[in-house]
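Hi everyone, thanks for making time for this. I have one structure to walk you through, and I'd like to go from its inside outwards.

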Amino acid sequence: MTAALRFDPIRLPPKCEQLRKEVRAFLAEEIAAGTFDPHKPNREDTDVPEFSRKVGERGWLGMTWPKKYGGHERSFLERYVVTEEMRVANAPTRRFFVADRQSGPVLLKYAPEHIKMEILPRICKGEICFAIGMSEPNSGSDLFAAKTRATKTDGGYLINGTKIWTSSAHIADYMIAIFRTSPPTKENRRHGLTQFLVKMKQPGIQVNPIGQITGQYEFNEVVFTDYFVPDDHVLGEIDGAWKQATSELAYERSGPERFLETYYVLTELVRAVGNNPDTRSAEGIGRLVAQVHTMRRMSVSVAGMLQAGKEPVVEASIVKDIGTIWEQQLPHRVRELSAFVEETATNRETLEKQLDFAIKTAPKLTIQGGTTEVLRGIIARGLGLR
């Protein structure tokens, strides 16, 4: 089936701009208090529980969810503004971000009522952290090649296998994971996968950190050995999780975090060149700003479609494909332009340190959340090209 590709021309309403002022004021207070330094993306304190609780107290987690579950019944566009400001400020969002972005919506749609009542309010308070269990060894971003088994037993399932590249698994309280409950069929290789809610820090789970060239430990290998999951932790349809996972990825792939992860080097470059840049610097910065503005309009459009109850899977994949390539290339372009920055620029040392970190972290950007190759396959299929 061919999807009709559409990016609605959506503008943020005035209430979003008022919210933006509130978020900026809050972040300025936290920076002044020493909670985090926006100029140090390579800091070790990416998990700051107290900051997460403060964000929850402000009502900025579970913003679009029903009040019944601790949410605030606000719009996707308002949530977009909060996400955008947090990302630009390099705020320590690791503890709550995945839970707020996609795990919570999955629970809202598929979890039993008692689990919703138990977990969703805690997400809204910034108390718990979620990880995503999709990628596996030897399968890359091919979700449907998952081999980790969930075998039926009395009262639940026994899990055996390995997930890899699992962000934040070392601090997570829960994981939403895809496990194989039946073999794929000849007619449908997507068949046989089921989504589960996994409680971390339990017997049968071993989390092994994966170091990065930056010196940080963000990713993990998660090994399951006869790990027991009760029946009421099954999410949605047995053997039919591929439908759910595809919808979930629209949340993961379309937000401003998909093109703003290295944005800090651009703002630092602007500070370095000052108010009177040379012609080449002005032209280079102008092009980069025009590009990020275009991606932002596309991303806001997807947020508007989510608000309207649509599932813009193809559009979200396009945003991530374009956005992650751009943010991956950005540090290299900024390094080229920084050659024209005066040696006397007061922030030159800060810019160099940021570029060193951004260039090292850039390779992961077109892998996490789905590789470029997989995304383009989704886009081609959605446009009827394959």
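Before anything else, two bits of vocabulary: when I say that residues pack or touch, I mean contact, with heavy atoms within 4.5 Å, and when I say buried, I mean under 20% relative accessible area. Please also keep in mind that what you see is a predicted model.

With that in hand, let's start at helix α7, residues 264–273. What do its buried residues pack against? The partners are α8, α9 and α10. Seven of the 10 residues of α7 are buried, so this helix is largely enclosed by the rest of the structure. The buried ones are Tyr 264, Val 265, Leu 266, Glu 268, Leu 269, Ala 272 and Val 273. You'll notice Glu 268 in that list, and by residue class Glu counts as charged. Just after α7, Gly 274 takes a positive phi of about 75 degrees.

Now, keep an eye on Leu 269, which takes us to the nonpolar core. The largest one has 47 residues, and Leu 269 is among those with the most contacts inside it, together with Leu 27, Phe 51, Val 55, Trp 60, Met 86 and Trp 326. Which elements give two or more residues to this core? They are α1 (14–32), α2 (49–57), α3, α7, α8 (279–307), α9 (313–338) and α10 (348–361). In domain terms, the core draws at least three residues from each of domain 1 and domain 3.

Let me zoom in on a few residues around here. Val 55, leaving out anything up to four places away in sequence, touches Phe 26, Trp 60, Leu 61, Met 86 and Phe 96. There is also a second, separate core of 27 residues, and that one includes Tyr 69, Ala 99, Met 134 and Leu 193.

Leu 337 sits in helix α9 and is buried, with a relative accessible area of 1%. Setting aside its neighbours within four places in sequence, Leu 337 is in contact with Leu 269, Arg 280, Ser 281, Gly 284, Ile 285 and Leu 288. So we meet Leu 269 of α7 again. For Arg 280, the C-alpha to C-alpha distance to Leu 337 is 7.9 Å, with their positions 57 residues apart in sequence.

Ser 299, in helix α8, also counts as buried, at 1% relative accessibility. With the same four-place exclusion, Ser 299 touches Tyr 80, Ser 254, Gly 255, Pro 256, Phe 259 and Val 319.

On to empty space. How many cavities of 30 Å³ or more are there? The count comes to two. I'll talk about the second largest, which has a volume of about 70 Å³. Its lining is made by Trp 60, Leu 61, Arg 79, Val 82, Thr 83, Met 86, Thr 93, Phe 96, Phe 97 and Asp 100. The elements that give two or more residues to that lining are α3 (76–88) and α4 (97–110), and α3 gives the most, with four. By class, the lining has six nonpolar, two polar and two charged residues. Some names should sound familiar: Trp 60, Leu 61, Met 86 and Phe 96 line this cavity, and they are also on the list of residues that Val 55 touches.

Stepping back to the domains, the assignment gives domain 1 (14–128), domain 2 (132–242) and domain 3 (249–382). The centres of domain 1 and domain 2, taken over C-alpha atoms, are separated by 25 Å. Across that pair, 24 residues of domain 1 are in contact with 15 residues of domain 2.

Finally, two backbone details for the torsion fans. Ser 168 has a positive phi of about 65 degrees although it is not a glycine. Ser 168 lies in the loop between β3 (156–163) and β4 (174–180). Is Ser 168 buried or exposed? At 5% relative accessibility, Ser 168 counts as buried. Asp 226, likewise not a glycine, has a positive phi of about 50 degrees. Asp 226 is placed in strand β7, residues 219–230, and is partly exposed, with a relative accessible area of 48%.

That's my tour, and I'm happy to take questions.

Methods. Residues numbered from 1 in each chain as written. Predicted model: local features only at pLDDT ≥ 70, side-chain atom pairs only at ≥ 80, totals over all residues. Heavy atoms only, no water. 1 Å grid on protein atoms, 1.4 Å probe; cavity = no way out; pocket = protein on both sides within 12 Å on 5 of 7 lines; lining within 4 Å. Points joined across faces, edges and corners; volume = space filled by probe spheres on them. Core = buried A, V, L, I, M, F, W, Y, C linked by side-chain atoms within 4.5 Å. Buried < 20%, exposed > 50% of the residue type's maximum accessible area, 1.4 Å probe, protein only. Domains from an automatic or database assignment.
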